[in-house]
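Colleague: I've just opened this one and I'm not sure where to start. Could you walk me through how to read it?

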Amino acid sequence: MNKYKVCVYAICKNEEQFVKRWVNSMNEADAIYVLDTGSTDNTVKLLKENNVIVKTKAIKPWRFDSARNESLKMIPKEFDILVCTDLDEVFVKGWRKSLEQIWQKNTNRLRYIYNWSLDEKNNPKVSFYSEKIHDNKNYTWINPVHEILKFNGDIENILITDDITLNHYPDNKKSRSSYLPLLELSVKEDPKNDRNMHYLGREYMYYGKYNEAIDTLIKHLSLKNATWNDERCASMRFIARCYKNLKRYDESRMWLDKAIKEAPYLRDPFIERALLEYELNNFKDVKKYCLKALKIKTHQKTYINETFSWDNTIYDLLSLAYYNENNLNLAKKYVSLALKMSPHDERLKNNLEIIKKQIKNN
């Protein structure tokens, strides 16, 4: 007998490819509610065939928070716990049982593991805590994009668990063209919101608008409430990345030095510096910053994580650096470690064969 009534809710548009897998994952809940915002494929039909309660409504002008809040309105008051997911996400089986064991009567929200990116073997590449499981009375969604839950009560009681995992399997062909104007709107609505300012600067960088990105990320760093070191470090890294793309390498180095100082417990700024030095053929510094990064063993669970900090990149770079200084045994050691993490990489295979031949001929 379950202690709580649990429902899953979501918004969607043209996601027929994900419906069956998503429903199978979410079926541990007592009910599933979906707000469809204008699908032209078979999404709605498939959802209804799988016993999902569906409402269709166009959100104009489009904002993610408006759509999420409209989906919240669908849920009856009888439900105790609400679980917000997207159709390209899948829970590891048994999540409902874990939720029942963890949740307490005074709990408002739950943080759980979210694997935003996984490799071909389903191992996490980027992993952090998400917090979209919440009670049925104290929350509304805010922000036009990168929307978050706002607590409307007095004291928020949040629990954290590693026993619930949600995996993300996105459609990488899906356009994110709406993000930039919505982020610009977010900052216009709340210019003191440090999170949105950081996201906007990052988005400008993705679009190749490097000068706008630099200006925006510097604004982020100047905000009084921009106090989270990990995010500040990321803004500094992104500024450095913009300067690198503008071929202003000294300024890029300067900002990476700032990023390292801001968060010396993160691998990311060290690896980013190593990547810069590799591009400039400074192999001595490639080795220096990779070896410093390797000393960091703790992988922080935040959305700031870079895949290149924990995949085969560090070993690949070290192999190239040692090869450049003719230390073939260490070059072989590190390319072998890189290959172990990415066994089908043809370039790494070729590098290993080249090194083996040179060792044999010496």
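Modeller: Sure, and keep in mind that this is a predicted model. Let's begin with the outside: the protein's accessible surface is about 18600 Å², and carbon and sulfur atoms account for 48% of that.

Colleague: Roughly what box do the C-alpha atoms of the protein fill?

Modeller: Taken along the principal axes, the box is roughly 75 × 45 × 40 Å. Inside the protein you'll find 14 helices and 10 strands. Of its 362 residues, 51% are buried.

Colleague: And what share of the contacts join residues at least 24 apart in sequence?

Modeller: If you take contacts between residues at least 6 apart, 66% of them do.

Colleague: Let's try a helix. How do I read one, say α14?

Modeller: Here's the general idea: an α-helix has 3.6 residues a turn, so residues three or four places apart point the same way. Now the case here. Helix α14 covers residues 346-361, which is 16 residues, and spans 23 Å from first C-alpha to last, close to the 22 Å expected at 1.5 Å a residue.

Colleague: Which residues of α14 are buried?

Modeller: They are L348, N351, L352 and I355. Looking down the axis of α14, you'd see these buried residues within an arc of 100°, so they line one face of the helix. Among the things covering them are α12 (313-324) and α13 (328-341). Over on the other side of α14, K357, K360 and N361 are exposed.

Colleague: What happens at the start of α14?

Modeller: There, D345 has a side-chain oxygen that comes to within 3.0 Å of the backbone nitrogen of R347.

Colleague: Now single residues. Is T165 buried or exposed?

Modeller: The idea is to check relative accessible area against a cut-off: under 20% is buried. T165 has 17% relative accessibility, so it counts as buried. This residue sits in strand β10, residues 158-168. Leaving out residues up to four places away in sequence, T165 touches V90, F91, V92, I113 and N115.

Colleague: Where is N123 found?

Modeller: Look in the loop between β6 (109-118) and β7 (124-135). N123 has a relative accessible area of 38%, so it is partly exposed. With residues up to four places away in sequence set aside, N123 touches S117 and L118.

Colleague: How far apart are N123 and D86 in space?

Modeller: C-alpha to C-alpha, N123 and D86 are 20 Å apart, with their positions 37 residues apart in sequence numbering.

Note on methods: Residues numbered from 1 in each chain as written. Predicted model: local features only at pLDDT ≥ 70, side-chain atom pairs only at ≥ 80, totals over all residues. Heavy atoms only, no water. Helix = DSSP H or I, 4+ residues; strand = E, 2+ residues; numbered from the N terminus. Expected span 1.5 Å × (residues − 1). Buried < 20%, exposed > 50% of the residue type's maximum accessible area, 1.4 Å probe, protein only. Arc of directions from axis to C-beta. Contact = heavy atoms within 4.5 Å. Polar contact = N/O pair within 3.5 Å; in protein donor to acceptor, adjacent residues only side chain to side chain. Areas by Shrake-Rupley, 256 points an atom, 1.4 Å probe, with all protein chains shown as cover.
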